[in-house]
Amino acid sequence: MQFSSYEDLRSRLLTHAITCEEVVRFYLERIESHRSDNIYITVFHELALERAKALDRKLQEGGSPGKLFGMPMAIKDNIAIKGGRLTCASKILEQYESVYDATSVLRLEAEDAVFLGKTNMDEFAMGSSNENSAFGNVPNPFDKTRVPGGSSGGSAAAVASGLAMVALGSDTGGSVRQPAGFCNIVGLKPTYGRISRYGLVAFASSFDQIGVLANNCDDAALVLAVMAGKDGRDATSSSHAVSDYASEMASVSVEGLKIGVPKEYFPESLNRDVSGMVHAKLAELRDQGAELVPVTLPDSEYAIAAYYILVTAEASSNLARFDGARYGYRSAKSEDLAAMYVNSRSEGFGREVKRRIMLGTYVLSAGYYDTYYKKAQQVRRLFQDRYREALEKVDVIAGPTSPFPPFGLGDKTENPLEMYLADVFTVPASIVGMPALSVPLGFDSLNLPVGMHLICNFFEEGKMLGIARHIHRSL
C-alpha cells in the first residue's frame with residue numbers, strides 16, 4: 001500500500017477504494033515492524049483505529065470530509081494531546097499525561113487528521129542527533145550506524161521510513177530542518193508566531209515554533225494552512241492573514257527569481273560533497289532563468305554563540321517548573337524540601353539538559369547578565385537588520401542545511417561544541433524569526449542525504465514552498 005502524496009490517499013478514500021481503517025492498520029503494522037528503530041515513544045493503537053472507524057462512518061453517512069481527512073500523522077512528544085503521555089523524552093516526565101490538547105492538535109483533528117503516536121526526540125528538544133533521549137537513540141533510516149538529526153529526529157525518521165505520512169516537530173534552532181536534511185524529506189519552520197505554541201512544551205519561548213516534516217511540499221503546505229493563524233491562548237501568535245499557500249506555490253516561477261548566495265554559508269570547512277551538491281543545484285536554477293546574487297551577511301560567525309546564550313537563558317527559566325513538587329518525577333531521596341528539588345532535578349534531567357540549565361543560569365546571573373545575555377540580544381537585533389536588508393534585494397537566501405551529512409552515532413556526544421555546529425546554517429533564521437525550510441537534494445558519494453536550506457522574508461511561506469517544490473521536483 002503506497003501513496004505518492006496525501007492527494008493520492010485522499011482520492012482513494014473519497015472514492016471508497018480504501019478505508020481509513022485499512023490505512024491506519026497498514027501504518028500501525030509498519031510501526032510495529034520497525035519497533036527496534038525506537039522511532040515512537042507512544043503508539044495510539046486503539047485510539048487511532050477508533051478515530052479511523054469514526055471517519056469511515058462519517059463518510060458513509062454523507063458527512064463532509066475535512067481538509068486532512070484520514071491523513072496519518074505522527075507528533076513529536078513535546079506537543080500535548082489530551083490523555084496521552086507527554087514525556088519530552090525525559091525521565092522527569094516519563095509517566096506524565098497531558099490534561100489538554102495543543103491548539104495545533106485541535107485544528108488538525110478538526111480537519112479529520114489521525115494521530116498514530118508520539119515520536120522520539122532529544123530530551124526537551126535539546127540536541128542535534130536524537131541521542132539525548134531518555135528512551136534511547138533513533139537510527140538514520142538510510143544508515144543505521146548514523147544519526148537522524150535532532151531534536152525532531154523521531155518525527156523525521158517516521159516520515160522517511162513510511163511510518164507516518166506527515167509529522168509535527170518543533171524547531172528552536174533547526175530541530176525540524178536539520179533532521180529533514182539528514183532524512184531526505186521536507187522540513188518547514190514557519191515565521192515565528194505563524195503557528196500557535198499553546199500546548200508545545202517550552203524550551204526557549206522566543207525561538208520555539210511547531211514545524212512540519214513531510215515527503216513533499218504540497219503536503220507540508222496543506223498541514224501548515226490548517227495550523228496557521230491567530231490563537232487567543234498564545235499571545236505570541238500572529239494575527240497576520242493566513243495565505244492561500246497552494247496558490248502562492250503555483251505562482252512561483254524560477255524565471256527571474258533572485259537567489260541570494262551568502263559567501264558565509266560556504267566556508268572552507270564545508271563538506272566537499274555538500275558544497276558540490278548545493279552549488280550544482282544553484283547552477284541548475286541559474287540555467288533555468290534564476291539570478292544568483294552574492295550577498296554578504298557579516299558577523300555570521302557569532303550566530304551560534306549568540307543563539308546558545310539566549311536559548312540556554314530561556315531554558316533555565318522555563319525548566320524551573322520541573323521541581324518534583326507538582327508533577328513529574330520526584331526523587332525518593334528527599335529528607336527535606338531543598339533535597340527534593342535538587343535530587344529530583346539531578347536524577348530526572350539528562351546530561352545535556354543539565355548542561356544548558358547551568359549555562360543559562362550563569363549568563364543570567366548578576367555579574368554576567370550585561371556581558372553575555374544583553375550582548376547576545378544586541379547581536380540578535382543586528383542579525384534581524386542584516387537579513388531584512390539582504391531579503392530586500394533577493395527573493396530567497398539559499399545554502400546548505402548542514403555543514404556535513406549525517407554523522408555516526410556517538411561521534412559527537414563527547415564534544416558538545418562540535419555537536420552545536422551541526423546547526424550553524426539553520427540557527428540564523430531562528431534568531432531573526434523568519435521562515436526557513438530544508439528541501440532534499442539527493443545523496444552524496446557515501447549515499448547519505450543532503451539538504452538545501454532556504455530562508456524567505458516574514459510570512460512568505462508560500463513563496464518559499466513554491467521554490468522548494470521546484471527544486472524537489474527537478475531531482
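These legends go with close-up views of a predicted model.

**View 1. An open sheet of 11 strands.** Read across the sheet and the strand order is 1-3-2-4-6-5-10-11-9-7-8, with mixed pairing. The edges belong to strand 1 (40-43) and strand 8 (291-295); each has a single partner strand, so one side of each is left without a neighbour in the sheet. Going from one strand to the next, the twist averages 30°.

**View 2. Strand 7 meets strand 8, one of the edge strands.** Strand 7 (residues 258-262) and strand 8 run parallel here, joined by five bridges. To find your way around, look for Pro262: its bridge partner in strand 8 is Val295.

**View 3. Two helices that pack on the sheet.** Helix 3 (residues 45-60) touches strand 1 and strand 3 (114-119). The direction of helix 3 makes about 165° with that of strand 3. Helix 7 (residues 217-227) also packs on the sheet, touching strand 2 (72-76), strand 4 (166-171), strand 5 (186-189) and strand 6 (209-214). Its angle with the direction of strand 6 is about 150°.

**View 4. Strand 11, buried along its run.** What leaves strand 11 (residues 449-455) largely enclosed by the rest of the structure? Seven of its seven residues are buried, so the strand is largely enclosed. In a regular strand, side chains alternate between the two faces of the sheet. In strand 11, Pro449, Gly451, His453 and Ile455 point one way, while Val450, Met452 and Leu454 point the other, and all are buried.

**View 5. The neighbours of strand 11.** Strand 9 (residues 396-400) runs antiparallel to strand 11, and four bridges join the two. Pro400 has Met452 of strand 11 as its bridge partner. Strand 10 (residues 436-443) pairs with strand 11 over seven bridges, again in the antiparallel sense. Here Gly442 is the one to spot, with Val450 as its bridge partner in strand 11.

**View 6. The turn between strand 10 and strand 11.** These two strands make a hairpin with five residues between them. Which residue there takes a positive phi? That's Asn447, with phi near 65°.

**View 7. A nonpolar patch on the surface.** Leu337, Tyr341 and Val342 make this patch, which covers about 280 Å². Leu337 sits in helix 11 (residues 337-348). Is Leu337 buried or exposed? The relative accessible area of Leu337 is 52%, and exposed means over 50%, so Leu337 counts as exposed.

Note on methods:
Residues are numbered from 1 along each chain as its sequence is written. This is a predicted model: local features need pLDDT of at least 70, side-chain atom pairs count only at pLDDT 80 or more; totals for chains, interfaces and linings use all residues. Side-chain values use heavy atoms; hydrogens and water are left out. Patches are made of residues with over 30% relative accessible area and no salt bridge: like charges are joined within 9 Å, nonpolar side chains (Val, Leu, Ile, Met, Phe, Trp, Tyr) within 5 Å. Accessible areas come from the Shrake-Rupley method with a 1.4 Å probe; for residues, only the protein chains shown count as cover. A salt bridge is a side-chain nitrogen of Lys or Arg within 4 Å of a carboxyl oxygen of Asp or Glu. Buried means under 20% relative accessible area, exposed over 50%, partly exposed in between (1.4 Å probe, protein chains only). Two strands pair if DSSP finds at least two bridges between them. Axes are lines fitted to C-alpha atoms, for helices over the stretch in contact, and angles run from 0 to 180 degrees between N-to-C directions. Contact means heavy atoms within 4.5 Å.
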